[in-house]
Amino acid sequence: MGEIVIDHLSKRFGKLEALDHLDIVVPKGSVFGLLGPNGAGKSTTTRLLCTLLKPSFGTAQVGEFDIIENPVKVREITGVLPEEGSHTLYPSMSAYQNLEYFAKLYDVPDEEIYERIEELLTFMGLWERKDDKAGELSTGNRQRLALCRALLHKPEVLLLDEPTSALDPVAAKRVRELILSLAKKYKQTFFINSHNLSEVQRICDRIAIIDKGRILLTGTTAELREQLHAKQEYMIRVTGDIETAKSIAESHHFVESVKVGVDSLIVTIDDPFENNSQLMKDMLAAGVNIIEFAEEEASLEDLYLEILSGGGD
Amino acid sequence: MARSKSMIVALADIRMALKLRMVKWSLVLSAAFGPLMTIALVAGPALVLTGPELELITSFMVPMAAALLAMFSIIPATMISANALVGEREQSTLEPLLCTPLTDNELLWGKTLSSVLICSAILVLGTLASTIGIAAILLVSGKQLIVFPDLPGLFMLAVVAPIVLFGVVSLMIIISGRVQRVYEAYQMSGAIIMIFMIPMLAPIISMESGAIGTSAIWMWNFVSFFLAVIVAVVTWAIAIKQFNRDRMVSLV
Ligand SMILES: Nc1ncnc2c1ncn2[C@@H]1O[C@H](COP(=O)(O)OP(=O)(O)OP(=O)(O)O)[C@@H](O)[C@H]1O
Ligand SMILES: [Mg+2]
């Protein structure tokens with residue numbers, strides 16, 4: 001059984017069907033990534049899961065609790081980083097006071113509060129700034145603080161809405177590592193909304209791509225990667241006349257498509273083991289100076305863009 | 001346990017309210033203005049008048065001052081509760097707060113307590129300051145002592161005012177589910193205060209048309225009392241019933 005089981009979850013705002021019969025299962029201790037364009041319904045999903053919104057139809061289980069029947073229990077075992085988390089702190093309270101307030105509301109035992117806050121703030125590199133007002137911290141530091149707040153009570157389930165959106169690359173990396181280690185060590189389950197595809201590819205075990213409130217694609221990251229490798233894309237970097245290279249590539253029947261960049265071509269090749277060498281030979285013979293011929297790293301981004309452009313109804 | 005969670009919320013709200021300059025100064029002003037006005041109304045005539053004239057004036061002024069003092073202690077509640085709910089939504093801190101395991105009851109109690117605690121403090125301290133101030137002025141100037149508050153006044157301050165306070169706060173909770181900005185809540189709160197102002201201050205209005213007896217004062221005190229009880233009970237029930245996380249979050 002999953003730690004989060006989303007069952008025909010739907011949410012309507014007036015006439016708008018923001019979520020339309022969503023079904024997702026997230027196993028315990030795994031990291032799940034929800035992807036989708038602006039307005040797809042990602043934040044609506046997390047808001048339903050943390051019981052802020054009531055579903056118009058369907059329900060979900062978080063841990064052993066139903067979001068409609070047992071909302072207080074659901075909130076007890078979840079940690080939430082709301083969308084634009086950096087704006088959700090009390091600006092006139094210090095970093096420490098912000099966390100202390102929520103530690104009390106989440107029933108962290110009094111004698112553990114200080115230690116817990118120190119540990120988290122130290123990890124996020126904010127301990128020296130614990131007495132600064134949250135309103136005086138930079139956006140990224142406030143986002144880190146909001147993340148600390150979500151982790152305070154060691155929740156079973158974490159709902160993170162764009163956790164690294166405001167973070168610099170080093171901080172984002174630390175957060176990714178933290179997520180992975182918490183999932184592994186403490187079997188905490190993560191449900192992450194993101195626009196950052198390479199990040200999702202790196203840390204999520206499973207993903208779903210949604211648009212207009214519906215799931216377009218779902219699976220484990222490994223499965224999706226396999227799907228991607230069915231396509232055989234190669235990058236050919238050349239110096240000099242790129243147009244000649246392009247026309248040679250296009251003249252071969254086994255080249256399915258050619259995209260031209262500044263100094264390189266991206267070609268899709270049928271049966272590359274058979275045909276790559278032929279293409280290379282012909283280009284060299286025509287005087288094209290090839291400096292690189294490499295298999296394109298298939299990324300989630302390609303799949304994402306393809307699904308959202310091609311799959312549209 | 002439930003109550004203590006509410007207390008955590010209330011104390012945090014108070015701490016935050018006191019950090020807002022506008023709220024802080026209006027609290028200080030209304031806390032100071034109530035007793036100053038009371039002292040002026042009650043001790044003032046005693047310094048210049050004597051005999052039956054003074055007796056007549058005092059019989060009006062003492063209960064009227066009590067009603068005014070009560071009003072001035074309650075007005076800050078609208079400001080604190082507006083900030084506690086609409087203000088949190090406006091600065092987008094309401095969402096994480098609603099994500100905590102607080103139940104609706106705990107949350108609403110907390111939001112109510114913050115106003116009730118501050119206003120009760122203003123009420124008690126204001127009454128004490130008035131009592132002592134009036135006594136001190138009259139003693140120093142060698143006049144006859146006037147006891148403030150008198151019995152109807154005490155009823156107004158100790159019984160009616162706390163219930164009105166509660167009613168005002170629960171009306172503010174209902175309003176906060178319907179407006180988007182703190183200033184809108186402030187504006188609506190004017191209307192709320194009016195509802196209670198009329199019966200509480202009714203003795204003053206009838207005084208202008210001639211004499212007023214203790215019985216009239218008692219009558220209006222009871223009208224205020226019953227009105228407050230009804231409003232408080234009904235609005236609290238509505239507030240609890242209507243309170244809805246979905247609505248609080250969706251009203252952006
Ligand atoms: N409270 C609300 N009232 C009305 N419509 C809403 C409300 N909240 C969200 N919506 C609508 O629901 C749809 C989904 O919104 P949601 O915030 O879930 O998108 P998202 O996937 O998180 O987008 P983004 O990537 O921009 O954060 C949008 O069309 C949005 O306008
Ligand atoms: Mg969003």
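This briefing walks through some features of the structure above, chain by chain and topic by topic.

The model is a predicted one. Chain A has 313 residues, and 53% of them are buried. Its fold takes in 11 helices and 14 strands. Over in chain B, helix 2 and helix 3 run roughly antiparallel to each other, and the lining of the largest cavity draws on helix 6, helix 8 and helix 9 of that chain.

**Chain A at a glance**

- If you drew a box around the C-alpha atoms of chain A, along the principal axes, it would come to roughly 75 × 45 × 35 Å.
- Inside that chain, the count is 11 helices alongside 14 strands.

**Two covered helices in chain A**

- Start with helix 1, which spans residues 42–49 of chain A: 7 of its 8 residues are buried, so the rest of the structure largely encloses this helix.
- The buried residues here include a run of polar-looking names to spot in the viewer, namely Ser43(A), Thr44(A), Thr45(A) and Thr46(A). Lys42(A), Leu48(A) and Leu49(A) are buried as well.
- Right after helix 1 of chain A comes Thr51(A), with a positive phi near 65 degrees.
- Helix 3 of chain A is mostly covered too, with 8 buried residues out of 11. Among them are Tyr96(A), Tyr101(A) and Phe102(A), along with Leu99(A) and Leu105(A). Ala95(A), Asn98(A) and Ala103(A) are also buried.
- Just past the end of helix 3 of chain A, Asp107(A) has a positive phi of about 65 degrees.

**Backbone angles to look at**

- His8(A) isn't a glycine, yet its phi is positive, near 50 degrees. You'll find His8(A) in strand 1 of chain A, which covers residues 4–13. Its relative accessibility is 36%, and because that falls between the 20% and 50% cut-offs, His8(A) counts as partly exposed.
- Glu84(A) is another non-glycine residue with a positive phi, this time of about 50 degrees. Look for Glu84(A) in the loop that links strand 6 (78–81) to helix 3 (95–105) of chain A. With a relative accessible area of 53%, Glu84(A) is exposed, because the cut-off is over 50%.
- In chain B, the peptide bond running from Phe148(B) to Pro149(B) is cis, and its omega is near -5 degrees. Pro149(B) sits in the loop between helix 5 (104–140) and helix 6 of chain B.

**Helices in chain B**

- Helix 2 (residues 21–48) and helix 3 (residues 51–90) of chain B have axes that come within 8 Å and cross at roughly 175 degrees. An angle over 145 degrees counts as roughly antiparallel, and therefore that's the label for this pair.
- The contact between helix 2 and helix 3 of chain B involves 21 nonpolar residues and 5 polar ones, with no charged residues.
- Met156(B) belongs to helix 6 of chain B. Its relative accessibility is 2%, so Met156(B) counts as buried.
- Met156(B) and Ser224(B) are 68 residues apart along the chain, but their C-alpha atoms are separated by 8.6 Å.

**Cavities**

- How many cavities of 30 Å³ or more turn up in a search of the whole structure? The search finds 7.
- The largest cavity holds about 110 Å³ of space. It is lined by 14 residues, and the closest to its centre are Ile173(B), Ile174(B), Gly177(B), Gln242(B) and Phe243(B).
- Three helices of chain B each give at least two residues to the lining of the largest cavity: helix 6 (151–176), helix 8 (214–242) and helix 9 (245–250).
- By class, the lining of the largest cavity is made up of 8 nonpolar, 4 polar and 2 charged residues.

**Cysteines**

- Across all chains, the structure has 0 disulfides.
- Take Cys99(B), which is in no disulfide: the nearest cysteine sulfur belongs to Cys50(A), 3.7 Å away. A disulfide needs the two sulfur atoms within 2.5 Å, so this pair doesn't qualify.
- Cys99(B) counts as buried, because its relative accessibility is 1%. Cys119(B) is buried too, with a relative accessibility of 2%.

Note on methods
Residues are numbered from 1 along each chain as its sequence is written. Chains are lettered from A and ligands numbered from 1 in the order in which they are written. This is a predicted model: local features need pLDDT of at least 70, side-chain atom pairs count only at pLDDT 80 or more; totals for chains, interfaces and linings use all residues. Side-chain values use heavy atoms; hydrogens and water are left out. On a 1 Å grid over the protein atoms alone, a cavity is a set of points where a 1.4 Å probe fits but cannot get out, and a pocket is an open set with protein on both sides within 12 Å along at least five of seven lines; lining residues have an atom within 4 Å of a point. Grid points are joined across faces, edges and corners, and a volume is the space filled by probe spheres set on the points. Helices (H or I, at least four residues) and strands (E, at least two) are DSSP runs, numbered from the N terminus. Ala, Val, Leu, Ile, Met, Phe, Trp, Tyr, Cys and Pro count as nonpolar, Asp, Glu, Lys and Arg as charged, and the others, Gly among them, as polar. Buried means under 20% relative accessible area, exposed over 50%, partly exposed in between (1.4 Å probe, protein chains only). Axes are lines fitted to C-alpha atoms, for helices over the stretch in contact, and angles run from 0 to 180 degrees between N-to-C directions. Angles under 35 degrees count as roughly parallel, over 145 as roughly antiparallel, 65 to 115 as roughly perpendicular and the rest as oblique.
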